[in-house]
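Subject: Structure for you to look at

Hi,

Here is the structure I promised to send over. Have a look at it first, and then read my notes below.

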Amino acid sequence: MRIINVKDYEEMSRKAADLIAAQIILNPKSVLGLATGSSPIGTYERLVELNRNGVIDFSHVTTINLDEYYGLDPTHDQSYRYFMNKHLFSRVNINMANTHLPDGKAKDIDAECRRYDDLIESVGGIDLQLLGIGHNGHIGFNEPSDEFIPGTHCVSLSESTINANSRFFKSRDEVPRKAITMGIKAIMQARKVLLIASGEDKKEILKKALFGPITPQVPASILQLHKDLTVITPLDI
Ligand code: F6R
């Protein structure tokens, strides 16, 4: 594990974007695993800038997002498809057909989960996976549980996640109770993992995940076993 300690959110975002840019320059056909939430917004901002300056070209890049709320239409302003279009896809020269998220409106959830796993396999797996971390240690929406769940699956969101994400909705009642998330296997099989975390409220869980026991009760703790994990954080852990 490599921990890069930075000054603040800005520097974290710049460094994370620079590592992603390096990945794209080394392999223009990279498969990027992407996350939503507050953590990567600055990273996407910087990637947009690098694309506009001609430093990176997204035209052959494929993206696979970690998760999507179950029941939200892609046009819903809190869907993760909407988030990705707004913060990254509509602002760079990516081919929209190469951008993938689970379908939150799928009628047959099991079939949708299988489709997503097959898709990840068909593109040859993920070259670089960008991750944030939840207050309860979740990665993607792999919530604390009694076991690590390998494949894409539908998950009931924990109270802690519903509370944390209610900040984006008009009321807590509007937060979807379920989501479809990539499983631990695709994340762990990513050739590189980049974890970003900032804000004092993430300090304790980040410490626990990186230095505590490896347990499905803290899903991010499994990243300790990843061969190529880079953590970028302004937190003093
Ligand atoms: C979102 C995702 C989540 C977030 C986590 C942290 O696609 O995968 O695991 O990374 O909930 O969210 P923020 O960055 O909003 O604190």
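A word on charges before anything else: Lys and Arg count as positive here, Asp and Glu as negative, while His and the chain ends are not counted. On that basis the chain carries 27 positive and 30 negative charges, and the mean positions of the two sets lie 3 Å apart. Please keep in mind that this is a predicted model.

Now the overall fold. The chain has 7 helices and 10 strands. Its radius of gyration is 16 Å, close to the 18 Å that the globule rule gives for 237 residues, so the chain is as compact as a globular protein of that length. Along the principal axes, the C-alpha atoms fill a box of roughly 45 × 40 × 35 Å. Of the 237 residues, 54% count as buried. The exposed surface comes to about 10,600 Å², with carbon and sulfur atoms supplying 50% of it.

The inside is worth a look too. The largest nonpolar core has 39 residues, and Leu 47, Phe 58 and Leu 88 have the most contacts inside it. Several elements each supply at least two residues of this core, including α2 (41-52), α3 (80-87) and β9 (192-196). The element that gives the most is α1, with 6 residues. Apart from this core lies another, of 30 residues, among them Val 31, Tyr 116, Met 182 and Leu 210.

If you want one residue to click on, try Leu 47: its contacts include Ala 17, Ile 20, Phe 58 and Leu 88.

Best wishes

How values were computed. Residues are numbered from 1 along each chain as its sequence is written. This is a predicted model: local features need pLDDT of at least 70, side-chain atom pairs count only at pLDDT 80 or more; totals for chains, interfaces and linings use all residues. Side-chain values use heavy atoms; hydrogens and water are left out. Helices (H or I, at least four residues) and strands (E, at least two) are DSSP runs, numbered from the N terminus. The radius of gyration is taken over C-alpha atoms; the globule rule is 2.2 Å times the number of residues to the power 0.38. Buried means under 20% relative accessible area, exposed over 50%, partly exposed in between (1.4 Å probe, protein chains only). Accessible areas come from the Shrake-Rupley method with a 1.4 Å probe; for residues, only the protein chains shown count as cover. The place of a charge is taken as NZ of Lys, CZ of Arg, CG of Asp or CD of Glu. A nonpolar core is a set of buried Ala, Val, Leu, Ile, Met, Phe, Trp, Tyr and Cys residues joined through side-chain atoms within 4.5 Å. Contact means heavy atoms within 4.5 Å. Lists of a residue's contacts leave out its neighbours within four places in sequence.
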